[in-house]
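Thanks for making the time this morning. I would like to walk you through one model, strand by strand, and then finish with a few side chains.

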Amino acid sequence: IYLIYRPGQERLYSRGEVDEIPDWVHELVVDRLVTHGVIPEGFVNSAVINDYQPGGCIVSHVDPIHIFERPIVSVSFFSDSALCFGCKFQFKPIRVSEPVLYLPVGRGSVTVLSGYAADDITHCIRPQDIKERRAVIILRKTRPDAPRLNSSSLSPSIHSSERRHILKAKRSHRKADPDAAHRPRILEMDKELQRRSLSSRQRRHDGDSSENSWRRADEREPGSRYTHDHAPARRVKMRRH
């Protein structure tokens, strides 16, 4: 719904570039929250669905204050997880610091962020907290004065119809695997461990090969030595003193 430049410089897409909220989101989610007094009627004008696979995450952030009013409401589906506050992320491999606050988020629960929790501390979803597929619908209200991209901001040479095509989600033509969502993914941290293991085995293999080549050289000709790449070296005479 918005394009990220740097914190504080986010912009909403131009009007008409993003689809309207589907009717089923209003009927099954928004209207029920209004009925139970969680949000006032007419508050929500922005809805985003995040679909997390096992090991998925979203890095620490604060929803842009100049873009969205408060509160920020999220509804969780499919599985339990947790929302963490005040974490720091590092990458290659991915690592996350201990949170200032760990908030369990159960399946079917509604989370409302405002005040300090929304404005003065970052929140995130850690990879270790997504053990099964999880979806969350984030409901927000964009500020009427929120900055937007101009029609020419994406590219002056691209027409409106072409821009809509660019912004559409890419679809894969591969046949979907119904069990893929429940199969644990290989995280970057696991890939890094595999690379280190392969590298270590390769170094040991190279060391063994090098030692064997020296031994073969010694057995072949006791009075001469070969270099590591098997190029002949000078014959050296040994003298006793």
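Let me begin with a question: how many of the residues of strand β6, residues 81–85, are buried? Please keep in mind, before I answer, that what you are looking at is a predicted model. The answer is that 5 of the 5 residues in β6 are buried, so this strand counts as mostly covered. In a regular strand the side chains alternate between the two faces of the sheet. In β6 we find S81, L83 and F85 pointing one way, while A82 and C84 point the other way, and all of them are buried.

Now to the partners of this strand. With strand β9, residues 101–105, β6 pairs in the antiparallel sense over 5 bridges, and within that pairing S81 stands opposite V105 of β9. With strand β11, residues 123–125, β6 also runs antiparallel, and here 2 bridges join the two strands; F85 of β6 has H123 of β11 as its bridge partner.

Let me move on to another sheet on the screen. Here 4 strands form an open sheet in the order β3-β12-β5-β10, with antiparallel pairing. Its edge strands are β3, residues 46–52, and β10, residues 110–113, each of which pairs on one side only. On average, and ignoring direction, neighbouring strands of this sheet are turned by 20 degrees against each other. Helix α1, residues 23–35, packs on this sheet and touches β3, β5, β10 and β12, and the direction of the helix makes about 70 degrees with that of β12. If we look inside the sheet, strand β5, residues 72–77, and strand β12, residues 134–140, pair in the antiparallel sense over 5 bridges, and V73 stands opposite L139 in β12.

That brings me to the aromatic rings. A pair of aromatic rings is described by the distance of the centres and the angle of the planes. In this model the count comes to 1 aromatic pair. The pair consists of F89 and F91, whose ring centres are 6.1 Å apart and whose planes make an angle of 25 degrees, and it is classed as stacked, because planes under 30 degrees apart count as stacked. As for F89, its relative accessible area is 15%, and it is therefore classed as buried, the cut-off being under 20%.

One last contact deserves a look on the screen: R140 lies over the face of F68, at 3.9 Å from the ring centre.

Definitions and conventions
Residues are numbered from 1 along each chain as its sequence is written. This is a predicted model: local features need pLDDT of at least 70, side-chain atom pairs count only at pLDDT 80 or more; totals for chains, interfaces and linings use all residues. Side-chain values use heavy atoms; hydrogens and water are left out. Two strands pair if DSSP finds at least two bridges between them. Axes are lines fitted to C-alpha atoms, for helices over the stretch in contact, and angles run from 0 to 180 degrees between N-to-C directions. Contact means heavy atoms within 4.5 Å. Rings of Phe, Tyr and Trp (its six-membered ring) pair if their centres lie within 6.5 Å; planes under 30 degrees apart count as stacked, over 60 as edge-to-face and the rest as tilted. Buried means under 20% relative accessible area, exposed over 50%, partly exposed in between (1.4 Å probe, protein chains only). A charge sits over a ring if NZ of Lys or CZ of Arg is within 6 Å of the ring centre and within 35 degrees of the ring normal.
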